[in-house]
Amino acid sequence: MPLTPEDIQSLYEQYGASLYDGEAVTQLEHALQAACLAETERAADSLIAAALLHDLGHILEARNQERDNAFPGVDHRHQLAAVPFLQPGFPESVIEPVKMHVDAKRCLCAIDPDYFGTLSPASVHSLGLQGGPFSQAEVEQFQQRPHAQDALRLRRWDDLAKVPQRTTPDLAHFMRYVKKVYQPAAITLTT
């Protein structure tokens, strides 16, 4: 079932208070901080929406009680979990950075010698589960993909969006971007 902006807001309101995978912030705080960083950098509306939605897969897992910590040592590929629910209503400029934000971490570990040192312990742990840093061939393949640069930007905001008690605008503020880029597929009636 496709998610509407109203569905997304409801999911964050119901499940956003859960802690964000080994970090000292909630899922909602993490999403708001990432979106705030994107907005501060004057990113496109679609990329601000992607920053808010990038970990929606974790929220869906929380809703389904399939949290990563229920199966330690397993990568649940959260970056892909929300895609089937978002694809019918959102453009590729939102979907692709969401899908690619884990690969962006793997890419940055391979191309930026200082990047790995900035990762939180939880992010280092998940990096191992996600396959570790990219090889040179994987880096080249990643960089050729549409929206790769946006995914790299989103990844950096993701890493910085883990500060307890950071003040951000509220969910309603960022839902404006989600609503702005939402493009529900036209329903075709057949006779």
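The following exchange goes through the labels attached to a predicted model and the values behind them.

Me: What kind of model is this, and what does it take for a feature to count?
Reply: The model is predicted; local features need pLDDT of at least 70, side-chain atom pairs count only at pLDDT 80 or more, and totals for chains, interfaces and linings use all residues. Residues are numbered from 1 along each chain as its sequence is written, and side-chain values use heavy atoms, with hydrogens and water left out.

Me: What makes the elements of the protein chain helices or strands?
Reply: They are DSSP runs numbered from the N terminus, with H or I over at least four residues for a helix and E over at least two for a strand. By that rule the protein chain has 11 helices and 0 strands. From the N terminus on, the order is α-α-α-α-α-α-α-α-α-α-α.

Me: Why is Leu53 called buried or exposed?
Reply: Buried means under 20% relative accessible area, exposed means over 50%, and partly exposed is in between, using a 1.4 Å probe and protein chains only. Leu53 has a relative accessible area of 0%, so Leu53 is buried. Leu53 belongs to helix H3. Of the 191 residues of the protein chain, 47% count as buried.

Me: Which residues does Leu53 touch, not counting residues up to four places away in sequence?
Reply: A contact means heavy atoms within 4.5 Å. Leu53 touches Ile8, Tyr12, Leu86, Val94, Val98 and Val178. The C-alpha atoms of Leu53 and Ala31 are 6.9 Å apart, although 22 residues separate the two along the chain.

Me: What makes a set of residues a nonpolar core?
Reply: The members are buried Ala, Val, Leu, Ile, Met, Phe, Trp, Tyr and Cys residues joined through side-chain atoms within 4.5 Å. The largest such core has 37 residues, and those with the most contacts inside it are Ile8, Leu52 and Leu56. Helices giving two or more residues to this core include H1 (5–15), H2 (27–40), H4 (56–63) and H11 (171–181). The largest share, 7 residues, comes from H3. Leaving aside neighbours within four places in sequence, Leu56 is in contact with Leu3, Ile8, Leu11, Tyr12, Ala82 and Leu86. Apart from this core lies another, of 14 residues, among them Leu108, Cys109, Leu119 and Phe134.

Me: Why is the pair of Arg106 and Asp103 called a salt bridge?
Reply: A salt bridge is a side-chain nitrogen of Lys or Arg within 4 Å of a carboxyl oxygen of Asp or Glu. The closest N and O atoms of Arg106 and Asp103 are 4.0 Å apart, so the pair qualifies. Both residues lie in helix H7 (residues 92–111), 3 residues apart, about one turn of the helix. Arg106 counts as buried at 11% relative accessibility, whereas Asp103 is partly exposed at 21%. Asp103, Arg106 and Arg145 are linked in a network of salt bridges.

Me: How do you know that the salt bridge of Arg156 with Asp112 ties together parts that are apart in sequence?
Reply: The closest N and O atoms of this pair are 3.1 Å apart. Arg156 lies in helix H10 (residues 148–160) and Asp112 in the loop between H7 and helix H8 (121–129), so the pair ties together parts that are 44 residues apart in sequence. Arg156 counts as partly exposed at 36% relative accessibility, and Asp112 counts as buried at 19%.

Me: Where do Asp158 and Arg155 lie?
Reply: Both are in helix H10, 3 residues apart, about one turn of the helix. Their side chains meet in a salt bridge at 3.2 Å, N to O. Asp158 is buried, and so is Arg155. The structure holds 8 salt bridges.

Me: Why is Arg42 called buried or exposed?
Reply: Arg42 has 77% relative accessibility, so Arg42 counts as exposed. Arg42 lies in the loop between H2 and H3, and has a positive phi of about 60° although it is not a glycine.

Me: What pLDDT does the protein chain average?
Reply: The average is 88, and 87% of the residues score at least 70; pLDDT is the predictor's confidence in each residue, from 0 to 100. Over residues 66–75 the pLDDT is below 50, and this stretch has 17 contacts in the model beyond near neighbours in sequence. Over residues 187–191 the pLDDT is also below 50, with 0 such contacts. Where pLDDT is low, the predicted coordinates should not be read in detail.
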